[in-house]
Amino acid sequence: MNYQDTVNWMFKQLPMYQNQGKTAFKKDLSNTILLANHLKNPEHKFKSIHVAGTNGKGSTSHMLASVLQEAGYKVGLYTSPHLKDFRERIKINGKEVGKQFVIDFIEKNQNFLEKQHLSFFEMTVGMAFDYFAKQNVDIAVIEVGLGGRLDSTNIITPEVSVITNIGFDHTQFLGSTYDAIAREKAGIIKSNIPVIIGETQEETKSVFLDIAKANTSVIYFADQIKSYYTSDLKGNYQKHNIKTAVNALKVLNDKSFKISEEHIKTGLQNVVKNTGLKGRWQVLQTQPKIICDTAHNKEGLSYIVKQLAQENYNNLHIVFGVVNDKDVDSILPLLPKKARYYFCKPNVPRGLDAEILKLKFKSSGFKGDSYQSVTKALDEAKSAAKLNDLIYVGGSTFVVAEVV
């Protein structure tokens, strides 16, 4: 198989949350443990940072990787989902895993993967860990895929655990209360391993304190510390992620890592350059200004709407699409009605039909039309927008993936 054949096999033959949603989610780590044993436990061969949370875990992971690179370390970075190419998920010092490694890993392990009915995410985690071990990374930043306690990444014992925040997302898997979701995320807290909580929330604080105490883990609440750092990631919400990343880095310094103030400052200012991160309040063009962002739930979109209100423009155009398990009713009250909407379906099986989305919005007083694709919706917005207008593209990671 060539690279594209290999990726197609991974996408089509095996369960994949990105495409299927709930049916691809396995509440069990047994498959991941089997694969790790088959690979001779690569997760034991490198140091790591584990990052969970409802929002901000991707940005925080990239910030951590960028600073560690500036400090001279060889840094693995595992994140999900990807925007354009599967290899975005697995990087070392900002460079994507080679196509040949992906091909060789699948060819070598294909019989085992098929026999054990491993999911797309399980095999991808195994591939990342195997790659980082073989490349002898100094440390790897590992982003949780979904939840924490039962996520496939949760076979590592990190130097520090990070939980950015708790919000209502993926409630069909994680529970419908802050308490329940927090307990799932807190599943990454390990015995005697320090944990950073990005945002103090009254609904979840006691959960984290109790679980940290039970694990004899020192706990830090990052938003309780003063921080004056800035980043090249310009979303207003990044102020929380900056504090979280800095707190984690300072804990690493207590564990014999050598990360200076200059490394932190330079790393935070060069996240995009060092790691290739895309889709976080990313300006695609000016005149008219086009901004995209991967925020896709109530908490994330609330920050986006506030930041949009701070922009100077004559008219606002919003290209918007979601997946079909999204609680649209929860985000409708947040979004500006004084805008023209261009409803679209992201090109994944889970994408919500644009006409259904339009009807949901119109019943709540929004104005707009539906389009057959994200590209057509954006093209229409560009045609309608004047030079001093603003176009925002978002609602789903998969919508943003089609425009960056």
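# Cysteines, sheets and helix packing

Cys-344 is buried, with a relative accessible area of 0%. The model described here is predicted. Cys-292 is likewise buried, and its relative accessible area is 0%.

How many disulfides does the structure hold? The count is zero. The sulfur of Cys-344 has its closest cysteine sulfur in Cys-292, 12 Å away, which is too far for a bond. Seen from the other end, the closest cysteine sulfur to that of Cys-292 is in Cys-344, again at 12 Å, so the two cannot be bonded. For a disulfide, the two sulfur atoms would have to lie within 2.5 Å.

## The eight-stranded sheet

One open sheet has eight strands in the order β4-β3-β2-β5-β1-β6-β7-β8, and its pairing is mixed. Its edges are β4 (95-96) and β8 (219-221), each of which pairs on one side only. At the β4 edge, strand β3 (residues 90-92) runs antiparallel to β4, and the two are joined by two bridges. Ile-92 faces Lys-95 of β4 in this pair.

Strand β6 has parallel partners on both sides: four bridges link β1 with β6, and three bridges link β6 with β7. Ala-52 stands opposite Ile-163 of β6, while Val-162 has Ile-196 of β7 as its bridge partner.

Where do the side chains of β6 point? Val-160 and Val-162 point one way, Ser-161 and Ile-163 point the other way, and all four are buried. Such alternation between the two faces of a sheet is what a regular strand shows.

Two helices pack against this sheet. Helix α9 (residues 202-214) touches β6 (160-163), β7 (195-197) and β8, and its direction makes about 155 degrees with that of β8. Helix α10 (residues 238-253) lies across β1 (47-52), β5 (139-143), β6, β7 and β8, and runs at about 170 degrees to β6.

## The six-stranded sheet

A further open sheet is formed by six strands in the order β9-β10-β14-β11-β12-β13, also with mixed pairing. Strands β9 (282-285) and β13 (367-370) are at the edges, each pairing on one side only. From one strand to the next the twist averages 20 degrees.

Within this sheet, β11 (residues 316-320) and β12 (residues 340-343) run parallel and are joined by four bridges. Ile-318 stands opposite Tyr-341 of β12. Helix α15 (residues 354-362) packs on the sheet and touches β11, β12 and β13; the helix direction makes about 170 degrees with that of β13.

The strand pairs described in the two sheets are set out below.

| Strand pair | Sense | Bridges | Facing residues |
|---|---|---|---|
| β3 and β4 | antiparallel | two bridges | Ile-92 and Lys-95 |
| β1 and β6 | parallel | four bridges | Ala-52 and Ile-163 |
| β6 and β7 | parallel | three bridges | Val-162 and Ile-196 |
| β11 and β12 | parallel | four bridges | Ile-318 and Tyr-341 |

## Helix crossings

Besides lying on the eight-stranded sheet, α10 meets helix α11 (residues 261-269): their axes come within 12 Å and cross at roughly 150 degrees. This crossing of α10 and α11 is right-handed. On the α10 side the contact is made by Ile-242, Val-246, Leu-249 and Lys-250, and on the α11 side by Glu-261, Ile-264 and Leu-268. By class, the α10 and α11 contact comprises five nonpolar residues, no polar ones and two charged ones.

Helix α3 (residues 30-38) and helix α6 (residues 120-134) form another crossing, with axes that come within 10 Å and cross at roughly 35 degrees. The crossing of α3 and α6 is right-handed. Asn-31, Thr-32 and Leu-35 of α3 meet Glu-122, Met-123 and Gly-126 of α6. Two nonpolar, three polar and one charged residues make up the contact of α3 with α6.

## Arg-280

Arg-280 lies in the loop between α12 (271-275) and β9, the latter being an edge strand of the six-stranded sheet. Which residues does Arg-280 contact, leaving aside its neighbours within four places in sequence? They are Gly-58, Ser-59, Tyr-237, Gln-238, Cys-292, Asp-293 and Thr-294. Arg-280 and Ser-59 are 221 residues apart in sequence, yet their C-alpha atoms are 7.8 Å apart in space. Another contact of Arg-280, Cys-292, is the buried cysteine discussed above.

Key. Residues numbered from 1 in each chain as written. Predicted model: local features only at pLDDT ≥ 70, side-chain atom pairs only at ≥ 80, totals over all residues. Heavy atoms only, no water. Buried < 20%, exposed > 50% of the residue type's maximum accessible area, 1.4 Å probe, protein only. Axes fitted to C-alpha atoms, helices over the stretch in contact; angles between N-to-C directions. Left-handed = near helix turned anticlockwise from the far one by under 90°. Contact = heavy atoms within 4.5 Å. Nonpolar A, V, L, I, M, F, W, Y, C, P; charged D, E, K, R; others polar. Pairing = 2+ DSSP bridges.
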